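Grab the coordinates and work through these exercises with the model open. Each one sets a task, then walks through a solution.

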Amino acid sequence: MKFLDKFSEFSGTISAKLEQNKYLAAIKESFTIYLPFVIIGSFSLLFKLILTSTTTGLAQFETFKWLTILEPAFNFINFATMDIMALLISGILAYNLARANEISVISAIIVAIGGYVITVPQFVEAFTEKGEVSILKALPVSSTNAQGLFTGMIITILVIELYTKLLKIEKLKIKMPDSVPTGISASFNNLIPIFITFIIVAIASVLFVNFTGQYINQIIYTLIQEPLQAVVQTPAGIIILVLVNQIFWLIGIHGGLVISPIRNPLLIAALAANIDQMNAGLVPTNPVTMGFWMVFIVPGGAGYTLSLIIALLLASKKEAEKSIAKVSFLPGLFGISEPIVFGLPLIYNPVFAIPFVLASPILTGVAMFFNSIGFITPNVIDVPFGVPILGSAFLGYGWKGVVVQILLLGLGVLIYLPFVLASNRVKDVTLSDEEELEVL
């Protein structure tokens with residue numbers, strides 16, 4: 001218990017610092033805001049595959065050939081949500097940071113997006129009919145899609161902090177007469193700080209390219225984003241992340257909220273890469289996406305609590321446990337685990353601590369095994385939170401996903417059953433009225 005107390009204190013301190021960190025909180029909130037757009041982008045690919053594709057959709061049949069004229073519409077949606085993701089998330093992150101810094105939100109968004117565009121290549125190479133290379137003024141997709149996520153976040157944070165500091169320097173403000181409308185006066189106050197911010201960013205970017213021969217987004221993607229994505233796509237990497245998630249849950253801290261600033265950018269980028277590969281006619285290669293997380297890592301809630309609920313209904317001899325399981329069953333079908341986590345409770349529960357922490361990592365490894373043998377393949381359709389069990393698996397992975405999800409939930413029940421039986425043998429301690437008053 002002394003160890004648990006010290007560990008709880010240590011973990012609680014870390015969690016509090018993470019929650020209070022302005023940048024991590026802003027990143028977490030930004031991806032939460034953008035998640036619906038990721039789902040819409042992946043669904044546009046789904047509609048393309050089942051409707052307009054001449055190989056997998058209705059358009060392969062002569063009667064529905066006319067559906068092919070709709071294919072560009074789904075491509076446009078995909079481009080607007082997935083291929084300019086870095087720009088949009090940079091804007092959302094700027095919005096959250098501007099609110100934290102108490103500065104103009106609109107100006108901050110424009111400054112952040114402008115600052116990011118300054119740092120990335122502003123041209124693409126194209127070949128003419130004669131085979132000559134032609135330079136076109138445009139932003140490469142690799143700078144605006146998921147490959148630019150980490151660069152966009154880093155540049156946005158740096159740019160907004162610089163811009164905020166410059167705004168606080170009174171000497172940089174252009175004083176306007178009182179007769180000038182407030183909006184115009186505010187715009188002139190921003191003029192010099194914006195100009196200095198862009199000048200600093202532009203000069204730094206030019207110097208960086210001249211010294212390294214590469215743009216900063218290329219360096220950050222190669223040295224930071226790509227290795228992190230590679231690690232989380234391995235069984236060991238994702239199992240460790242899941243284990244950390246569950247340890248936080250055990251001590252009463254919402255694990256998903258703690259790890260989301262790290263998890264969400266990587267898993268959303270993985271899904272975007274899968275969609276790009278699919279659109280290019282390639283086989284998707286990233287198994288761990290947000291859809292994978294929802295379908296195979298937290299089905300029924302964090303810690304495979306739906307499996308615990310089923311185990312309690314099957315084997316528990318305690319009326320209180322069965323009552324909590326009955327109440328928690330329906331929310332559990334939709335991935336809501338709070339009723340069982342805080343109702344049983346699972347926090348600091350000496351009987352269920354081991355399966356609560358280890359069930360998800362173990363079953364994540366099993367899911368990764370099914371991916372490695374090709375039974376399930378990396379998904380391109382994101383699965384939103386709240387889609388019920390089996391429906392979520394079918395939506396993201398088809399009938400094979402349903403089979404794997406059922407198997408994992410069944411294995412989860414087997415993992416929890418011995419501990420439910422052990423709980424039956426543990427006598428509940430009740431306090432007398434005098435003891436309750438003494439505790440209070």
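**Exercise 1. Start from S44: find its contacts away from the local sequence, then say where the residue sits and whether it is buried or exposed.**

Step 1. Skip the neighbours within four places in sequence, and S44 touches F74, I77 and N78.

Step 2. Place the residue: S44 belongs to helix 2, which covers residues 22-52.

Step 3. Check the accessibility. The cut-off for buried is under 20% relative accessible area, and S44 comes in at 3%, so it counts as buried.

Step 4. Look for a polar partner of the side chain. A polar atom there lies 2.5 Å from the backbone oxygen of G41.

One caveat before going on: this is a predicted model.

**Exercise 2. Stay in helix 2 and look at K28: is this lysine buried or exposed, and how far is its C-alpha from that of N264?**

Step 1. K28 is also a helix 2 residue.

Step 2. Its relative accessibility is 15%, and the buried class is anything under 20%, so K28 counts as buried.

Step 3. Now take the C-alpha distance. K28 and N264 are 236 residues apart along the chain, yet their C-alpha atoms are separated by 7.8 Å.

Step 4. Put that pair in context. Take the contacts in the chain between residues at least 6 apart in sequence: 70% of them join residues at least 24 apart.

**Exercise 3. Get the overall numbers: how many helices and strands are there, what share of residues is buried, and what is the accessible surface?**

Step 1. Count the elements: the protein chain has 18 helices and two strands.

Step 2. Sort the residues. There are 440 in the chain, and 45% of them count as buried.

Step 3. Add the surface. It comes to about 22,100 Å², with 70% belonging to carbon and sulfur atoms.

**Exercise 4. Describe how the two strands pair, and how many residues of strand 2 are buried.**

Step 1. Strand 1 (residues 123-127) and strand 2 run antiparallel, joined by five bridges.

Step 2. For a register check, F127 stands opposite V133 in strand 2.

Step 3. Recall the general rule: side chains in a regular strand alternate between the two faces of the sheet.

Step 4. Now test the cover. Strand 2 spans residues 133-137, and zero of its five residues are buried, so to speak "hardly covered".

**Exercise 5. Compare the spans of helix 9 and helix 16 with their expected values, and locate the bend in each.**

Step 1. Helix 9 (residues 216-232) has 17 residues and reaches 23 Å between its end C-alphas, close to the expected 24 Å.

Step 2. Its bend sits at T222 and is about 40 degrees.

Step 3. Which residues of helix 9 are buried? They are N217, I220, Y221, Q225, Q229 and V232. These buried residues pack against several helices, including helix 5 (105-119), helix 7 (149-167) and helix 11 (255-279).

Step 4. Helix 16 (residues 353-372) has 20 residues and reaches 30 Å, close to the 28 Å expected at 1.5 Å a residue.

Step 5. There is a kink of about 35 degrees at A359 in helix 16, shortly before the proline P361.

Step 6. Past the end of helix 16 comes G374, with a positive phi near 85 degrees.

**Exercise 6. Inspect the loops: find a cis peptide bond, two non-glycine residues with positive phi, and the surroundings of F385.**

Step 1. The cis bond joins L344 and P345, with omega about -15 degrees. P345 is in the loop between helix 15 (338-343) and helix 16.

Step 2. E102 is not a glycine, but its phi is positive, about 60 degrees. Its loop runs between helix 4 (85-101) and helix 5. With 73% relative accessibility, E102 counts as exposed.

Step 3. Y304 is the other non-glycine case, with phi about 50 degrees. It lies in the loop between helix 12 (290-297) and helix 13 (305-315). Its relative accessible area is 0%, so Y304 is buried.

Step 4. F385 is in the loop between helix 16 and helix 17 (391-425). At 54% relative accessible area it is exposed. Beyond its neighbours within four places in sequence, F385 still contacts M294, F334, G335 and I336.

Conventions
Residues numbered from 1 in each chain as written. Predicted model: local features only at pLDDT ≥ 70, side-chain atom pairs only at ≥ 80, totals over all residues. Heavy atoms only, no water. Helix = DSSP H or I, 4+ residues; strand = E, 2+ residues; numbered from the N terminus. Buried < 20%, exposed > 50% of the residue type's maximum accessible area, 1.4 Å probe, protein only. Contact = heavy atoms within 4.5 Å. Areas by Shrake-Rupley, 256 points an atom, 1.4 Å probe, with all protein chains shown as cover. Expected span 1.5 Å × (residues − 1). Bend = angle between axes of the 7 residues up to and from the residue. Pairing = 2+ DSSP bridges. Polar contact = N/O pair within 3.5 Å; in protein donor to acceptor, adjacent residues only side chain to side chain.
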